[in-house]
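Got the structure open in your viewer? Grab the selection tool and follow along, one stop at a time.

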Protein chains: 2
Amino acid sequence: MVGMRGAYGYNDNGNEGGVVVGGGEAEAEIAAMAVLHKVAAPPAQSTASKLKARVKETFFPDDPFRGFKGKPLTTKWVMAVQYLFPILDWVPSYSFSLFKSDLGISYAKLASLPPIIGLYSSFVPPMVYAVLGSSRDLAVGPVSIASLIMGSMLRQAVSPAAEPLLFLQLAFTSTFFAGLVQASLGILRLGFIIDFLSKATLVGFMAGAAIIVSLQQLKALLGIVHFTTEMGLVPVMASVIHHTKEWSWQTILMAVCFLVLLLTARHVSMKWPKLFWVSACAPLACVIVSTLLVFLFKAQKHGISIIGQLKCGLNRPSWDKLLFDPQYLGLTVKTGLVTGIISLTEGVAVGRTFASLKDYQVDGNKEMMAIGLMNIVGSCTSCYVTTGAFSRSAVNHNAGCKTAMSNVIMALTVMVTLLFLMPLFVYTPNVVLGAIIIAAVIGLIDLPAVYNIWKMDKMDFLVCLCAFAGVIFISVQQGLAIAVGISIFRVLLQITRPKMMIQGNIKGTDIYRNLHQYKDAQRVPGFLILTVEAPINFANTNYLNERIKRWIEEESSAGTKQSELHFVILDLSAVPAIDTSGISFLIDLKKSTEKHGLELILVNPTGEVMEKIQRANDAHGHFKSDSLYLTTGEAVASLSTFSKMTAP
Amino acid sequence: MVGMRGAYGYNDNGNEGGVVVGGGEAEAEIAAMAVLHKVAAPPAQSTASKLKARVKETFFPDDPFRGFKGKPLTTKWVMAVQYLFPILDWVPSYSFSLFKSDLGISYAKLASLPPIIGLYSSFVPPMVYAVLGSSRDLAVGPVSIASLIMGSMLRQAVSPAAEPLLFLQLAFTSTFFAGLVQASLGILRLGFIIDFLSKATLVGFMAGAAIIVSLQQLKALLGIVHFTTEMGLVPVMASVIHHTKEWSWQTILMAVCFLVLLLTARHVSMKWPKLFWVSACAPLACVIVSTLLVFLFKAQKHGISIIGQLKCGLNRPSWDKLLFDPQYLGLTVKTGLVTGIISLTEGVAVGRTFASLKDYQVDGNKEMMAIGLMNIVGSCTSCYVTTGAFSRSAVNHNAGCKTAMSNVIMALTVMVTLLFLMPLFVYTPNVVLGAIIIAAVIGLIDLPAVYNIWKMDKMDFLVCLCAFAGVIFISVQQGLAIAVGISIFRVLLQITRPKMMIQGNIKGTDIYRNLHQYKDAQRVPGFLILTVEAPINFANTNYLNERIKRWIEEESSAGTKQSELHFVILDLSAVPAIDTSGISFLIDLKKSTEKHGLELILVNPTGEVMEKIQRANDAHGHFKSDSLYLTTGEAVASLSTFSKMTAP
């Protein structure tokens, strides 16, 4: 039976395979064959060139140097310098922009660091980013989540209250490693690692973190003095309830007033985007008003805690504070890794969002190098981890600022504050900082996104929920790890249990589609047409093998026309890759179908798959050209003709 | 432009979407439309029923109870009993078979356990398996790799020489946990976990393990007394060279002779499969001859070490030796997990191989329960980890044995040995056991398979090499972990950087295939036709976004006919699944192509993808019916007609 049919064969050159007719058949058969097209193998490539292409697509998917092609050498040099320092691109055409007063002070408290470190971190990093960064909208500075993670991870080993200097050293060292990790990811072009944080993971994680951050503010908002050092929902609420006697009504009153004010301002800006400056100015206004109130009423004597004296002056160098003691090396590297990747994810995501809004491209890997260097410099100038922050960038964007100059202006404002305005903070009450943080992080709880995820994909919703629950009940890092683990497991599961469908012919066409989806598709008698929708590899060959055999068994035993099933067609259009186990599986399947008197036909293998089938053929000759077709339609047409001709 | 074209729309019911013509167009257009087919969504299913189907396909891919359908209740009961105890299936028709004398003694030494434990382990487990197991060819007993891993993991914590009782307790406890893990995987239907050990991983791992095992035999083969307790290639070779003075020429002479004998026997059996009994009987013959030689020449006094006195009697109960002390719990659980999964992989793989040779099905999950229970029972009767062994099963198979009765017979032989023949082992020299082990494990180095992997897939070869190098240079467990990690990383990488191809029309047909693979495929002017060959999810949306935009950019700027590109067609045939991030990506892409005056067309979304596109449509209406087509051919035909009609 096999070999009698004529079919176009593929040949080793991969092109111009002529018509190969098995024996001396009637012309009618040749006519039937004339519509056939051969399955081509992609042109032969050496392993080295394939490897090169693979490496290029994996590490240089953006082809960063494509603009350099065919330019004279001097132009290339100028372009190279511009590539490294994007500031040269836009400095000639910068436009001044509104600045946003931001209080890194608040976020420093989240990391259990002295408030002044927050201000320092709002000064140096924006300057560095203005020189190196490629996003025009990104406003950099400390952010809530990275601060929270750094604080919670370092506090596991060292108490910030008992050993403030050591804690500070560890924070700077972690920042150094975070920068190193970020820059390395950029240089090694491993940026795709941050892609493994899916949207669902981030939505759940952010919401959980927002709640954890807000819970931490209960200390300031309720005026509690003896607060737990733990972060989870349960211990914090226990601590709050346990210390009801420490609650201060003056503090709570102030908290409620300013919180209402800030949330109203936020609501106004969200409803009327033109009034974005309302929520942008609200924090500063609150700080000024509350400071004045405390100063005028001497409220610090009525149970309202204040920031207290802060030293004037710019960032002190801190490279002597970097601590590479083996005892703490593991901790700082781990903290650096986690905060580095998290803050990178936030920074790159924010950069991409605004780039896509304004329709320009952000180079992810260059961005990572910029953010990494910014943190390395920061760790030597008394700063902790910084990145691009969504809220600040949004304000920049709404204010219509077009270049990274906004970062410079922000830095200059902070410089003025550091040099001259520090004494004014003495009377700023901690409660107002708490209110500002809550108002800021409340925006991270994105309920519409959660609803959307729920509607779209229940599994994504589960990932989101796990990230959320993990963060609030277990810990920030473990919640994240669980969510990433589930995301990856899900992807693996899709491959381990790939979708396989039985296809049928759509009446009156030569189109074949799956029976479940297309109600007007009909089974072709004598054929079992299957599609596999995943790479065939070690993780699913056992499953595929068992599943296909069961289908064949069911087909053969169903109904009385047992002898009717002649051909099993495997449509490989949706199989992007195959490995050694996959090829063994195909060969085994071929053999076992032959034992049952069936013939296995492969349809439309893609480039890589075809290449490997051909290689297996060279070695063992399992898949002759007459078991390979370009389309299911052609296979069915050709094989039916043949069946009819050979039927008694 | 959008909306003017007529096209079949999908509708919510998923069938019978009529022709929807946008305006009052000429009949010519309607005629052109008549060839179009609509993209159908799969019939609506509730989340619960989808979840049920997903769970079923994931955990019950073999549909184990399909035979029960439509049978009367009593038959069902009988079948259920037969399902649990496959022995009832074949016992009425068992046939006696040749038995293979096996020396578990040798493998027990690999695990640093007393030789008698190896014999015990060849007695009870085969009996248990004969009752519970579903494979007809599997011969169970101790195997080299699981023995090696157990020995090397436990020795990290406890020295078998210094604390023999504790070591024995830990071995039994690990065996207990191994059985628990195996049975749980079977009961929870999580058997697919062993699928993550790819063929390439196993080939590399086995070869590495064979070398490590052989190296361990150098102690016996060279007669060295002070041997290192480490396993790696480097420390063992260093130890061998360091102790040249301890080498005993008598031992070496004996080693060489028996090794040559055993390898020759092996070679003979491989060349003439009918003579399989030659290599099957060789080990026993060697033991008898060497024992006699030692006894006659009193060779033990000339530097040849012997096994010494072994106690007669059957397995002692050992449940009182199971040690759940928290101090060692972590170690035993970990050892149980690793040895359990490794031995399960071996056992199930061997079972499947022979089942496929004889064309019957082995139920993977039931097999796991059988092996698991066998080990749990074993751990209570002085046995350590056992599983189906390839070499022994091959002998059974060659001997033509058809039922699991062979296991019973083997157990009976071992019973006779245990009861009466133990004193005969007194003079058996250790060197002959070493030679037997080397001859057995040498078959694990499968060079043809390595060459095949190299030819098929360079990346698989790398996995294989890493497993091999990891095992011989680092450690058995870490080598395995590295190889599994690389395999999984590779799968993830394929998804992170999915293949995308530009398609062209194959002349004279309406078939579209990728330009790189099919040389006679031609670009269609005005169209950019892309295929994506992977699920679209969080791990690749950033990449796809950047890559597609770069293609559009290149297309738009290439040549002078810049205005010609009108349509970007995304063929989704090979996209089996999409998640929330993927849907956002499609919506973003739609918007950004519209900004460039292009239109995004989706072709042939599969069931799940179509469903989610439709859901996104319900919410935002991004993908109208006129941007969805069933085939690329129809899309191009329809859109070209339209372009021509609207052209000036």
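Let's begin with salt bridges: counted over all chains, there are 14 of them in this predicted model. Side chains of opposite charge can pair when their charged atoms come close.

**Stop 1: a pair inside chain A.** Select Arg490(A) and Asp457(A) and show their side chains. These two form a salt bridge, and their closest N and O atoms sit 2.8 Å apart. Now colour the surroundings: Arg490(A) belongs to helix α21 (residues 476–496) of chain A, while Asp457(A) is in the loop between α19 (447–456) and α20 (458–474) of chain A, so the salt bridge ties together parts that are 33 residues apart in sequence.

**Stop 2: a pair between the chains.** Next, pick Lys499(A) and Glu608(B). Here the salt bridge joins chain A to chain B, with 2.9 Å between the closest N and O atoms. How many salt bridges cross the interface of chain A and chain B? The count there is four.

**Stop 3: the whole interface.** Zoom out and select everything in contact between the two chains. You should pick up 91 residues from chain A and 90 residues from chain B. Together, the chains bury about 8,400 Å² between them, and carbon and sulfur atoms give 54% of that area. Now highlight Met456(A), Gln517(A) and Phe538(A): these supply 9% of the area that chain A buries against chain B, more than any other three residues.

**Stop 4: two helices in chain B.** Hide chain A and select helix α9 (residues 164–187) of chain B plus helix α14 (residues 326–358) of chain B. Two packed helices are described by the angle between their axes and the distance between the axes. For this pair, the axes come within 7 Å and cross at roughly 55 degrees, so α9(B) and α14(B) are oblique to each other. The crossing is right-handed. Among the residues of this contact, 13 are nonpolar, nine are polar and none is charged.

**Stop 5: another partner for α14(B).** Keep α14(B) on screen and swap α9(B) for helix α8 (residues 144–155) of chain B. How do α8(B) and α14(B) run, roughly parallel or roughly antiparallel? Their axes are 9 Å apart at an angle of about 165 degrees, and angles over 145 count as roughly antiparallel, so that is the description for α8(B) and α14(B). This crossing is right-handed too.

For a last look, show side chains in the contact: α8(B) offers residues including Ile145(B), Ile149(B) and Met153(B), and α14(B) offers residues including Leu331(B), Lys334(B) and Val338(B). By class, this contact has nine nonpolar, three polar and one charged residues.

Note on methods:
Residues numbered from 1 in each chain as written. Chains lettered and ligands numbered in written order. Predicted model: local features only at pLDDT ≥ 70, side-chain atom pairs only at ≥ 80, totals over all residues. Heavy atoms only, no water. Axes fitted to C-alpha atoms, helices over the stretch in contact; angles between N-to-C directions. Helix = DSSP H or I, 4+ residues; strand = E, 2+ residues; numbered from the N terminus. Parallel < 35°, antiparallel > 145°, perpendicular 65-115°, else oblique. Left-handed = near helix turned anticlockwise from the far one by under 90°. Nonpolar A, V, L, I, M, F, W, Y, C, P; charged D, E, K, R; others polar. Contact = heavy atoms within 4.5 Å. Buried area = accessible area lost by both parts, 1.4 Å probe.
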